[in-house]
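Visitor: I would like to go through this structure with you, one question at a time. Could you reason each answer through before you settle on it?

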Amino acid sequence: MKEHFSLKLALTLFLIIALIMSLFAVVRHQQSNELFESQVTNNSKVISERIASQVSPSIWEIYLSSVNRRFSEEAASAVLSSEMKNLYIDAIVVYGRFGHVYMGKVSHAGEGVEPYLASLHEEHLGNHPNRVDHPIKNGSMTIGKVTVYFNDEPLREQVAKAFKLDLIQIFFISLFIILVLFFAIKRVLIQPLESLKIAKNTFNSLDEGILYVDNEHRVFNANPAFSRMTGFGLDHFVDKDCDLFSFDESDVGFWELIDREIDDHNTWSGEAYCSGNAGNVFPVQLTVSQVKNDENQDICRVLVFQDISKQKEAERKLKDLAFYDALTGLANRRHFEELMMQEIAASERSREKMGLLFIDLDDFKFINDSLGHNEGDELLVEMARRFNERVRNSDHIARFGGDEFTVIATRIESEEVLTSLAEDLIQLAAAPIVLQGKSYKVSATIGISIYPKDGAQIDELVKHADSAMYQAKESGKGKYSFYSSALDLKIQHRQRIKSLLRNCLDNNELYLQYQPKVGLNDRHPMTGAEALLRWNSEEFGLIPPDEFIPLAEESGAIIRIGEWVIQQSFKKVAEWNYKYSNKVVKLAINLSSHQLHNTNLVPFIRREMQTYDVDPKWVEFEITESAIITDFDASVVVLQGLKEMGFSLSLDDFGTGYSSLSYLTKLPIDILKIDKSFVFEVGESRRAESVVETIVALSKSLGLETIAEGIETKVQLAFLKELGCELGQGYYFSRPLSENDFENYMNTQFGASDNVVFLPGE
Ligand code: C2E
Ligand code: CA
Ligand code: CA
């Protein structure tokens, strides 16, 4: 549209200028024509005058004497050759009064003079259009006349040429004028007009609401977006006070603040609230600016605003996501840290104590793994609800992660407050919870640290509450414990061992010992051995497996370590069975709960069996009750897999756990291993003896073999033999032996020519 207009303007300008210029050219043409013509006639007049005065005496003489043609020709020639060079004269004829006295025709501008020939000149000059006459006088008497015939053609050509040049000049001048005018007009007239138009269109089409108010806050203009957003028609507000906007902090008047800001800075920008026609109030991003005229006087104010409800909503959601746990609705870990920071600062100011409780649900993993994640979630939500109800309004509760919760107990007068809080929380957790129609009991363990005694920083307080929680766990589930620096050392030691465990394999710090298992008959022949893991740590020396295996399980290192035990045992068992051909050396390998629940276990064993060329009848796996019970169905599948491959299975530490008949019948096991804690007490405790008795009887009734571990004394051995327990293991027969010692042991057992084959059951 803009281009169209410019084109029109250019065209109009061009036409006007072209018209003016052509008029100008026409006049100019006429003028120069006239000028030239008068010049030519004037010149001719002068020439004829001059010639007339020169030739007058000669003519007279000619009259008096005879016709002296030669003389007249010479006279004319002289005149012409001197003056006429540049004039276009066709001929000069001198007439005497009594007849023609021709002086000559000038050809080629006076270069020559033709002698007179009446007929020729009549023919040539008879109707010559351009001629000037002048009388020749002698005194007062006219004796003849001079006629100059002039040629104006070359002059006209000259004029035409000059005119053409003029036209070109005029064209360029016009072009220049047109351009100058065009841009001047555009600048002065069109651009402001267009800007005005654009401003108007923008005003109408902008998504931002725009409102103009005068210096007394009376509305005098608004755009359609304003009506769209507020639901008010423009006419509703015109000439009324603008009272649409407000701030959240209700004690500050809107215009009061804006007036102040405008006075100081000419503009204000920020968030405010706008009331709509429907009684709604929505948040806006608002900019108020003072409009001034050229003299710097305040004219009005313009309010530009945007509805930011959507952004605000998104922001709120984001904040919820960022600061609250989606499942329980409690503060999340990040928010907890923020709250801790605030409370630490507040406690520092008020010099009051603050407690941090670190709560861990003891059986969450079991429920989550066995009942499924939905039930796990349900449990967490319920626990969060119970805990949340107990804490005071001034306290904070957060879900720290997984099954861990934290409580910030603010402004505590004494530790008793924390004690009763911890006791209550443990009790609340212990109340039965129904999941999938069944009632479960869950316990919580709590560690407590106190600000400022146990730390002045969040990290420290959390770490110490966490340590206290571990300490509490060691004394059993469902307990609480306050942090003490002594316990911290223990925890640090555990952490150190965990981290060393990562490299113990690469550093070749692990090795196996072998403890023989014997038949409980008179000769106590060796029926096999148990592979027992040893760790000779560079930093701590020998660390007992009871200490590091649970830590390896916690850190997950047990998987790689366990695989190494299997490989090493397979390697040895294959070697020995080759060496002592015919005498089966049966090696028992311990499997931890983590290994049992690793889906890779069965394929791994199958692969390694092939690698080391191991016959499964040479190997037995020992699994504890507690390992099986964490996921019974899955364990049965794994055990069946091992059984199908031909391995034997024994149930380790039997009697210490659930020992329930119903699951015992479902397990594909061959041997029950009576836990050493009962064996140790044989001869001392009647209760322990009856436990051993029962186990042997149970084992027999199920058609299983029985082995007693931890036999140290003759009394124990005798008791077990009496009961009919088939196999035994313990210091009484042999301590766990190094590889060399064990080979020596085997040599004495099997002897060079001994052909006895030891098989389970012998
Ligand atoms: P466990 O499977 O019950 O192993 C038997 C433990 O009883 C061994 O302790 C053994 O040295 C000890 N023992 C045997 N006879 C007697 C005795 O007459 N008197 C006494 N006081 N103790 C006796 P060790 O070697 O310290 O192993 C402790 C536990 O560490 C094992 O208990 C087993 O649970 C675990 N463990 C050892 N090696 C491995 C392994 O390779 N893998 C896994 N997962 N656990 C292992
Ligand atoms: Ca064992
Ligand atoms: Ca055992």
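Visitor: Is Leu 704 buried or exposed, and what is its relative accessible area?
Guide: Bear in mind throughout that this is a predicted model. Leu 704 sits in the loop between α23 (686-701) and β27, and, leaving aside its neighbours within four places in sequence, it is in contact with Ile 669, Asp 670, Leu 672, Ser 699 and Glu 726. The cut-off for buried is under 20% relative accessible area, and Leu 704 is therefore classed as buried, its value being 12%.

Visitor: Which distance separates the C-alpha atoms of Leu 704 and Asp 670?
Guide: Asp 670 is among the residues in contact with Leu 704 once neighbours within four places in sequence are left aside. The two are 34 residues apart along the chain, yet the separation of their C-alpha atoms is 5.4 Å.

Visitor: Which residues supply the protein donors of the calcium ion (ligand 2)?
Guide: Along the chain, the donors of this ion follow the spacing E-x59-N-x31-E-x29-D. Distant parts of the chain are linked here, with Glu 530 in strand β21 (residues 526-537) and Asn 590 in strand β23 (residues 587-591), 60 residues apart. Lying 2.1 to 2.3 Å from the calcium ion (ligand 2), the donors belong to Glu 530 (OE), Asn 590 (OD1), Glu 622 (OE) and Asp 652 (OD).

Visitor: What relative accessible area does Asn 590 have?
Guide: Of the donors to the calcium ion (ligand 2), Glu 530 counts as buried because its relative accessibility is 4%. Asn 590, by contrast, is classed as partly exposed, and its relative accessible area is 26%.

Visitor: Which residue coordinates both the calcium ion (ligand 2) and the calcium ion (ligand 3)?
Guide: The protein donors of the calcium ion (ligand 3) come from Asp 652 (OD), Asp 653 (OD) and Glu 709, the last listed with two OE entries, at 2.2 to 2.5 Å. Their spacing along the chain is D-D-x55-E, and the pair formed by Asp 652 in strand β25 and Glu 709 in strand β27 (residues 705-709) links parts of the chain 57 residues apart. Both of these residues are buried, Asp 652 at 6% and Glu 709 at 7%. The two calcium ions are 4.1 Å apart, and the residue that bridges them is Asp 652.

Visitor: How much of the accessible area of ligand 1 does the protein cover?
Guide: Of the 22 residues around ligand 1, those that come nearest are Leu 533, Arg 534, Asp 652, Glu 712 and Tyr 731. A backbone N or O atom of Leu 533 lies 3.0 Å from a nitrogen atom of ligand 1, while an oxygen atom of the ligand is 3.1 Å from an N or O atom in the side chain of Lys 676. On its own, ligand 1 has 780 Å² of accessible area, and the share covered by the protein is 86%.

Visitor: Which element gives the most residues to the shell around ligand 1?
Guide: At least two residues of the shell come from each of β21, α15 (545-555), β25 (648-654) and α22 (676-680). The element that gives the most, with four residues, is β21.

Visitor: What span does helix α11 reach from its first C-alpha to its last?
Guide: The buried residues of α11 include Leu 379, Leu 380, Met 383 and Phe 387, and the buried residues of this helix pack against elements including β13 (353-361), α10 (364-371) and α12 (415-430). The helix has 18 residues (373-390), and at 1.5 Å a residue the expected span is 26 Å; the span in the model is close to that, reaching 26 Å.

Visitor: What is the value of phi for Arg 351?
Guide: Arg 351 is placed in the loop between α9 (333-350) and β13, and it counts as exposed because its relative accessibility is 76%. Its phi is positive although the residue is not a glycine, with a value near 55°.

Visitor: What is omega for the peptide bond that joins Tyr 451 and Pro 452?
Guide: Pro 452 lies in the loop between β18 (444-451) and α13 (458-474). The bond between Tyr 451 and Pro 452 is cis, with omega at about 5°.

Methods: Residues are numbered from 1 along each chain as its sequence is written. Chains are lettered from A and ligands numbered from 1 in the order in which they are written. This is a predicted model: local features need pLDDT of at least 70, side-chain atom pairs count only at pLDDT 80 or more; totals for chains, interfaces and linings use all residues. Side-chain values use heavy atoms; hydrogens and water are left out. The expected span of a helix is 1.5 Å times one less than its number of residues. Buried means under 20% relative accessible area, exposed over 50%, partly exposed in between (1.4 Å probe, protein chains only). Contact means heavy atoms within 4.5 Å. Donors are N, O and S atoms within 2.8 Å of the metal (3.2 Å for Na, K and Ca); water is not among the atoms, so sites may look incomplete. A residue is near a molecule or strand if one of its heavy atoms lies within 4 Å of it. A polar contact is a pair of N or O atoms within 3.5 Å; within protein, one must be able to donate a hydrogen and the other to accept it, and residues adjacent in sequence count only if both atoms are side-chain atoms. Accessible areas come from the Shrake-Rupley method with a 1.4 Å probe; for residues, only the protein chains shown count as cover.
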